[in-house]
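Q: I'm new to reading protein models. Could you walk me through one, feature by feature?

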Amino acid sequence: MSGGPLDGVRVLDFTRHLAGAGSTRILATLGAEILRIEWPHPPALDFLRLSGPHADGRPGMNRGGFFAQINVGKRSVAIDMATDAGKDIARELIPHCDVIAESFSPGVMKRWGLDYEAARALRADVIYLSASGFGQTGPYAGYRSVGPTAQAYSGLTATSGLPEREPAGWGFSYMDHMGAVMNAAAILMGLERRRATGEGEFFDAGQSQHGCALLGPMLLDVSLNGSRVRPKGNRDLYGNFCPNNAYRCRGEDSWLAISVREPEEWAALCAVTGADDLAGRAELATLAGRLAHEDAIDARIGAWTRERDARAAMAALQAAGVPAGVAQTVEDKVRRDPQLTFRGLYTTLGDPVLGERLYEDAPVRMEGFTVGVPGPSPWLGADTRDVLRDLLGYSDETLERLKAEAIIDDAITLEEAQRA
Amino acid sequence: MTGTLEHLTVVELTGPRTEWCGKLFAQAGARVALVEPPGGAETRGYAPWFRGREDAGSSLHFWHYHTDKESAVLDLAGEAGRAAFLRLLAEADVLLDGSEPGGLAALGVTRDLIEAANGRLVHVALTPFGQEGPMASWKGSDLVHQALGGQMMMNGYDDMPASPPINGQGNQAGHMAGSWAFIAALAALQAGGGTFIDLSVHDACAGMTENALPQYDYTGTVVTRRTGRHASIAPTPAWQHRAADGRYVNAQLVNVSPRAWEGLVSWLDEHGMAEDLTDPRYFVPEIFREEADHISEVIGRFVATKTADEVFHGAQARALIFSAVLNPEDLLDDPHLAARDFWIELDHGEPEGTLRHAGSAFVAEHSEVRPRRRAPRLDEHGAAIRGEGADA
């Protein structure tokens with residue numbers, strides 16, 4: 001039992017970008033076999049292949065670092081989906097696949113004759129995920145979305161920021177990550193239901209709707225209390241923690257987050273920061289009492305952290321049982337986080353085009369199973385021949401003919417991969 | 001329609017870390033038995049409160065995360081509680097364990113006992129930093145995890161000197177980790193279960209900072225936060241603009257197709273606000289990039305004359321990926337969410353009656369993922385779960 005928990009699960013993968021392709025990345029780290037259908041030109045091109053950063057700063061289909069991060073361990077099958085013959089090959093693959101995942105605009109797969117109805121006629125128990133910005137139905141079904149769109153629409157953007165300022169913006173595509181996570185969750189729910197019932201399932205996922213569902217208790221606060229939720233910086237939106245803030249430390253742009261809820265945490269915070277006078281005030285031992293004096297408490301803690309190294313202050317507070325964490329950059333996480341190093345979150349993989357690179361591993365350890373990044377990302381078309389030969393029984397002659405007709409492509413030599 | 005996972009039974013030890021994962025199971029129809037300590041779950045004491053009622057039965061935090069679950073108080077420090085807990089595990093598929101590393105074993109519920117009770121059980125241990133390691137005993141919080149995970153340092157204001165990095169609201173660290181716990185548990189079930197999953201909030205958060213790692217790994221540089229937009233290595237043009245109604249619009253210009261650009265420029269031109277953007281030189285990608293600040297300023301001046309909704313829908317009709325920056329309350333009467341049945345009614349009994357809850361974002365064809373029942377009162381299902389009154 002040394003394989004992944006999803007060993008034997010095969011996915012026909014038409015997803016793109018992070019919100020789509022991130023979901024099949026998750027399945028790949030759990031052992032699933034992912035067959036990416038792609039092509040160097042639209043409509044089956046994943047534009048992420050052209051995005052930076054690039055190996056040696058030179059763009060190319062197999063040189064993109066962000067694409068490589070998201071497509072680890074997948075297999076690439078290059079088929080020109082603009083051709084009828086290409087669509088036929090994709091249809092031939094369906095009976096061999098447990099899962100189909102796609103993230104084109106609504107309607108594209110149907111035009112290609114590859115929508116759920118067509119697919120289930122070829123494989124009755126297929127699990128099919130259509131992932132889009134706003135879903136397949138509803139008045140905004142045709143709307144386009146990237147991470148920041150979904151964050152803005154869902155209320156996640158509006159609630160993150162300093163009071164009386166414009167929203168901070170989140171700073172990255174959180175909903176591309178969480179869209180990918182929710183899409184992987186949907187596929188797994190489908191597989192689990194198939195395990196119990198033998199039946200297939202279709203999921204219509206909208207990245208923006210998933211954003212709304214992630215607002216947490218704010219949802220009931222607006223619906224049942226009629227509240228207008230507005231940002232409070234880093235303070236807890238509902239006062240469940242106090243103090244709860246990011247405090248400036250010694251050095252340039254260095255910050256320490258501290259959260260306190262329990263009386264013993266407050267006592268420990270006062271002891272570590274030398275705030276004996278605050279520790280002695282009975283009203284501050286309760287959350288409600290501290291919330292009434294939050295400005296003054298924040299000022300006292302800030303004065304203490306301002307003179308201190310953030311990591312030393314974090315270690316001192318955690319040693320005393322106070323939740324505290326440095327606001328880390330990616331460099332901090334890679335080089336200065338002993339726990340991430342101990343856990344092996346970053347793993348190094350070699351690729352002749354990209355070189356030795358860092359990859360984020362799955363945050364899961366599962367006893368008896370191998371979970372994690374299985375290998376580098378595929379060169380475009382690297383697996384075309386093997387997949388079509390092994391699954392569909394195509395002869396070398398057929399493969400050569402299809403390649404000559406520009407229906408399929410491959411990348412079997414390093415020289416070809418470098419040049420693409 | 002039946003729930004997608006209605007054949008599963010999940011035991012959830014209460015705690016702020018496990019509640020989102022438990023909700024993902026419960027809304028899909030799984031039977032989720034919430035095991036609460038004497039005195040109740042900690043998050044029964046979390047605000048916001050239902051209409052100002054600050055009592056343990058009225059936490060909207062608890063109500064939100066525990067729809068569809070059953071509640072039983074079990075004192076795991078006592079022999080009877082432990083025995084009832086192990087009986088419960090014997091018939092379960094998944095244990096969601098949010099206790100500190102070694103926490104269950106310290107109460108006398110060792111992994112040997114758990115495995116003896118049910119060899120097929122998927123035991124998901126969700127801790128702040130993992131079971132072992134130099135920081136395994138450290139404490140986290142939503143804020144602390146978004147700081148250490150790298151989310152905060154990418155989010156904030158570059159036009160405001162010495163301003164702090166900013167966290168995202170809504171318990172997102174718990175959502176990142178809890179969603180992964182759900183994925184890992186379902187994956188383990190595909191292989192027959194019978195495993196222990198060690199999952200940390202810190203790992204889950206640290207792996208979700210988009211392009212930051214490749215940027216650093218390939219260029220040696222670290223992205224820094226920018227007001228209202230993505231963190232980046234070099235400064236970028238503003239893409240968040242204030243509309244005439246005081247709300248904001250996210251007007252990101254990435255991968256703009258020639259058709260979308262023409263649509264945008266002609267839209268501005270209809271209002272006499274296109275300025276020089278009608279010049280075809282902007283179709284040259286290098287010019288488009290060089291003039292990005294100018295383009296952003298022209299769009300900003302246009303947005304300032306329209307409401308945020310006018311910009312949102314007008315831009316989307318022209319194949320642009322804009323959105324109004326909606327406030328949470330705006331979602332209540334959003335026509336798209338209404339058409340997709342996002343909001344649902346749940347019966348709370350007397351005195352609350354029927355109340356409007358958020359549903360789920362999962363839309364399936366042959367089964368259903370949506371909450372059906374309000375969160376349980378403390379120990380509401382305790383007698384049945386403990387086997388009181390039965391032969392056990």
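Q: In chain B, what share of the contacts with a separation of 6 or more comes from residues 24 or more positions apart?
A: Keep in mind that this is a predicted model. In chain B, 65% of the contacts with a separation of 6 or more link residues 24 or more positions apart. For chain A, the corresponding share is 68%.

Q: How many helices and strands are there in chain B, and how many does chain A have?
A: Chain B has 15 helices and 13 strands. Chain A has 19 helices and 13 strands.

Q: What box do the C-alpha atoms of each chain fill?
A: Taken along the principal axes, chain A fills a box of roughly 85 × 50 × 45 Å with its C-alpha atoms. The C-alpha atoms of chain B take up roughly 85 × 50 × 40 Å, also along the principal axes.

Q: What part of each chain is buried?
A: In chain A, 59% of the 420 residues count as buried. In chain B, with 392 residues, 54% are buried.

Q: Which residues touch the most other members in the largest nonpolar core?
A: The general idea comes before the case. In soluble globular proteins, nonpolar side chains tend to be buried together. Here the largest nonpolar core holds 242 residues, and A:Leu256, B:Val124 and B:Ala184 touch the most other members. Leaving out residues up to four places away in sequence, A:Leu256 touches several residues, including A:Ala246, A:Tyr247, A:Cys249, A:Met314 and A:Val326.

Q: How many residues does each chain bring to the contact between A and B?
A: Chain A gives 123 residues to the contact and chain B gives 124 residues. On the side of chain A that touches chain B, the largest share comes from helix H7 (residues 174–197) of chain A, with 15 residues. Sorted by class, that side of chain A has 69 nonpolar, 35 polar and 19 charged residues.

Q: Strand S12 of chain A is joined to strand S6 of chain B, so to speak, across the chains; do they run parallel or antiparallel?
A: They run antiparallel, and three bridges join S12 (residues 364–366) of chain A to S6 (residues 195–200) of chain B. To find one of the pairs, look at A:Met366, whose bridge partner in S6(B) is B:Ile197.

Q: Now for strand S3 of chain B: which residues sit on each side?
A: A rule of thumb helps here. In a regular strand the side chains alternate between the two faces of the sheet. For S3 (residues 70–73) of chain B, B:Glu70 and B:Ala72 are on one side, while B:Ser71 and B:Val73 are on the other. Both faces are covered, with those four residues all buried.

Q: How many bridges join strand S2 of chain B to S3(B)?
A: Four bridges join S2 (residues 31–36) of chain B to S3(B), and these strands run parallel. Within the pairing, B:Val35 stands opposite B:Ala72 in S3(B). Add helix H2 (residues 60–65) of chain B between them in the list, and S2(B), H2 and S3(B) make a right-handed β-α-β unit.

Q: Why does the span of helix H1 of chain A agree with its number of residues?
A: Count 1.5 Å a residue: the 13 residues of H1 (residues 17–29) of chain A should span 18 Å, and the end C-alpha atoms are 17 Å apart, which agrees. H1(A) is also mostly covered, as 13 of its 13 residues are buried. Just after H1(A), A:Gly31 takes a positive phi of about 110°.

Q: Which peptide bonds are cis?
A: Again, start with the general picture. Most residues other than glycine have a negative phi, and most peptide bonds are trans. Among the cis cases here, the bond from A:Pro42 to A:Pro43 has omega near 10°. A:Pro43 is in the loop between strand S2 (33–38) and helix H2 (65–70) of chain A. The bond from B:Ala47 to B:Pro48 is cis too, with omega near 5°, and B:Pro48 is found in the loop between S2 and H2 of chain B.

Q: And where does A:Ala406 lie, and is it buried or exposed?
A: A:Ala406 lies in the loop between helix H18 (396–404) and strand S13 (408–409) of chain A. Phi of A:Ala406 is near 60°, a positive value in a residue other than glycine. A:Ala406 counts as exposed because it has 12 C-beta neighbours inside 10 Å.

Note on methods:
Residues are numbered from 1 along each chain as its sequence is written. Chains are lettered from A and ligands numbered from 1 in the order in which they are written. This is a predicted model: local features need pLDDT of at least 70, side-chain atom pairs count only at pLDDT 80 or more; totals for chains, interfaces and linings use all residues. Helices (H or I, at least four residues) and strands (E, at least two) are DSSP runs, numbered from the N terminus. The expected span of a helix is 1.5 Å times one less than its number of residues. A residue is buried if 20 or more other C-beta atoms lie within 10 Å of its own, exposed if 12 or fewer, and partly exposed in between; C-beta atoms are placed from the backbone. Two residues are in contact if their C-beta atoms, placed from the backbone, lie within 7 Å. Ala, Val, Leu, Ile, Met, Phe, Trp, Tyr, Cys and Pro count as nonpolar, Asp, Glu, Lys and Arg as charged, and the others, Gly among them, as polar. Two strands pair if DSSP finds at least two bridges between them. A nonpolar core is a set of buried Ala, Val, Leu, Ile, Met, Phe, Trp, Tyr and Cys residues joined through C-beta atoms within 7 Å. A crossover is right-handed if, with the strands pointing away from the viewer, the path from the first strand over the helix to the second runs clockwise.
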